[in-house]
Amino acid sequence: MEERRTHPDSPGHTRPRDEATEYIECYILEKDLPPHAKLPSERDMCSMWGFNRTTLRSAIKRLIVEGKLYNRKGSGTFVAPPKLERDLQDAMSVSEAVYMAGRTLETKVLEVRVLTADHHVAQKLQVEQGTPVFYLRRLRVMDGLPIMIEHSYVDYARCPYLEKYDFSQKSLYSVLDCYGVGVHHGREEVGITYAAREEADCLEVEEGAPLFYLSGVSSDINDRPVEHFKSVVRADQVRFSSVLTR
């Protein structure tokens with residue numbers, strides 16, 4: 001395919017980024033590329049279609065935002081599978097959401113320890129500052145692609161010896177059920193942040209890439225806090241939705 005050259009004021013004129021976006025999408029369709037298939041290098045695509053590197057990168061970024069492509073740091077650009085959809089109005093765990101979507105999930109434990117609650121964590125869990133708290137940091141990998149880093153805090157006095165469990169194999173919520181501490185509902189806030197260096201390395205994205213930032217508290221049936229959580233989530237892999245009612 002050759003790059004179309006039209007006068008900026010002509011009826012057929014489109015922005016170069018839009019043209020490059022169309023070429024990439026057509027290439028995926030023509031080659032019938034499945035999810036996780038790797039695209040040619042940026043240099044090769046520029047050579048194939050006559051676009052400059054800046055225009056091509058702009059098109060790739062647009063398709064990443066739209067959830068049609070994703071990058072793996074140091075590996076290239078790939079065709080994205082459908083985004084995982086999370087309903088903001090349910091208390092379903094990540095494990096449950098992934099399995100219900102028919103996807104595979106791997107959990108890598110990054111850190112486990114018992115620490116003392118600072119003012120913020122103590123306030124969220126409704127305990128005294130300095131209270132022992134179980135802390136768990138996990139990397140969630142869906143279909144072989146890292147999508148989320150989760151930080152969880154639980155009142156240690158309520159669930160002692162949590163550190164003995166292998167949370168790469170067991171769900172935190174299923175273990176809490178063993179203590180008779182079930183999650184019934186929660187409150188979650190969603191914002192936008194940007195990947196710090198360590199987060200970028202773990203999630204295989206560029207440093208500064210946009211991420212969803214989630215924070216909240218899961219509570220039991222008596223409205224007592226069970227878990228305070230914070231997460232950063234790849235915006236190109238997960239979509240959040242909610243049902244609106246009147």
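Before anything else, a word on vocabulary: when I call a residue buried I mean that its relative accessible area is under 20%, when I call it exposed I mean over 50%, and partly exposed covers what lies in between. With that in hand, we can take L162 as a starting case, since its relative accessibility is 0%, and it therefore counts as buried. Please keep in mind throughout that what we are looking at is a predicted model.

Let me stay with L162 for a moment. This residue sits in the loop that runs between strand 6, residues 145–155, and helix 6, residues 172–178. If we set aside residues up to four places away in sequence, L162 touches F134, V154, Y156, F167, V175, L176 and Y179. One further relation is with Y135, which is 27 residues away along the chain, while the two C-alpha atoms are separated by 9.3 Å. The residue just before it in numbering, Y161, belongs to that loop between strand 6 and helix 6 as well, yet Y161 is exposed, with a relative accessible area of 53%. Y161 also has a positive phi, about 65 degrees, although it is not a glycine.

Now let me step back to the chain as a whole. The protein chain contains 7 helices and 10 strands, and of its 246 residues, 42% are buried. The surface that the chain exposes comes to about 13700 Å², with carbon and sulfur atoms supplying 49% of it. As for the contacts whose separation is 6 or more, 55% of them are between residues 24 or more positions apart.

I would like to turn next to the helices at the beginning of the chain. Helix 1, residues 16–30, and helix 2, residues 42–49, have axes that come within 12 Å and cross at roughly 100 degrees. The two helices are therefore roughly perpendicular to each other. Which residues meet where these helices touch? On the side of helix 1 they are Y23, I24 and Y27, and on the side of helix 2 they are M45, M48 and W49. Sorted by character, the residues of this contact are 6 nonpolar, with no polar and no charged ones.

Helix 1 itself has 15 residues and reaches 21 Å from its first C-alpha to its last, close to the 21 Å expected at 1.5 Å a residue. Its buried residues are E19, A20, T21, Y23, I24, Y27 and I28, and these pack against helix 2, helix 3, strand 1 and strand 2. As background to such a list, an α-helix has 3.6 residues a turn, so residues three or four places apart point the same way. Just after helix 1, D32 takes a positive phi of about 55 degrees.

Helix 3, residues 53–65, can be read in a similar manner. Its 13 residues should span 18 Å at 1.5 Å a residue, and the C-alpha atoms at its ends are 18 Å apart, which agrees. Here T55, L56, A59, I60, L63 and I64 are buried, and the buried residues of this helix pack against helix 1, helix 2, strand 1 at 69–72 and strand 2 at 76–79.

From here we can follow a link to the far part of the sequence, by way of D236, which lies in the loop between strand 9, residues 225–234, and strand 10, residues 238–241. Is D236 buried or exposed? Its relative accessibility is 9%, so D236 counts as buried. Leaving aside its neighbours within four places in sequence, D236 is in contact with I64, G67, L69, Y70, N71 and K83. D236 and E66 are 170 residues apart in sequence, but 7.3 Å apart in space from C-alpha to C-alpha.

Two more residues complete the tour. S219 has its place in strand 8, residues 210–219, and with a relative accessible area of 7% it is buried. Not counting residues up to four places away in sequence, S219 touches G182, V183, H184, H185, G186, R224, P225 and V226. D143, by contrast, is partly exposed, with a relative accessible area of 26%. This residue lies in the loop between strand 5, residues 132–142, and strand 6, and D143 has a positive phi of about 55 degrees although it is not a glycine.

Methods
Residues numbered from 1 in each chain as written. Predicted model: local features only at pLDDT ≥ 70, side-chain atom pairs only at ≥ 80, totals over all residues. Heavy atoms only, no water. Axes fitted to C-alpha atoms, helices over the stretch in contact; angles between N-to-C directions. Helix = DSSP H or I, 4+ residues; strand = E, 2+ residues; numbered from the N terminus. Parallel < 35°, antiparallel > 145°, perpendicular 65-115°, else oblique. Contact = heavy atoms within 4.5 Å. Nonpolar A, V, L, I, M, F, W, Y, C, P; charged D, E, K, R; others polar. Buried < 20%, exposed > 50% of the residue type's maximum accessible area, 1.4 Å probe, protein only. Areas by Shrake-Rupley, 256 points an atom, 1.4 Å probe, with all protein chains shown as cover. Expected span 1.5 Å × (residues − 1).
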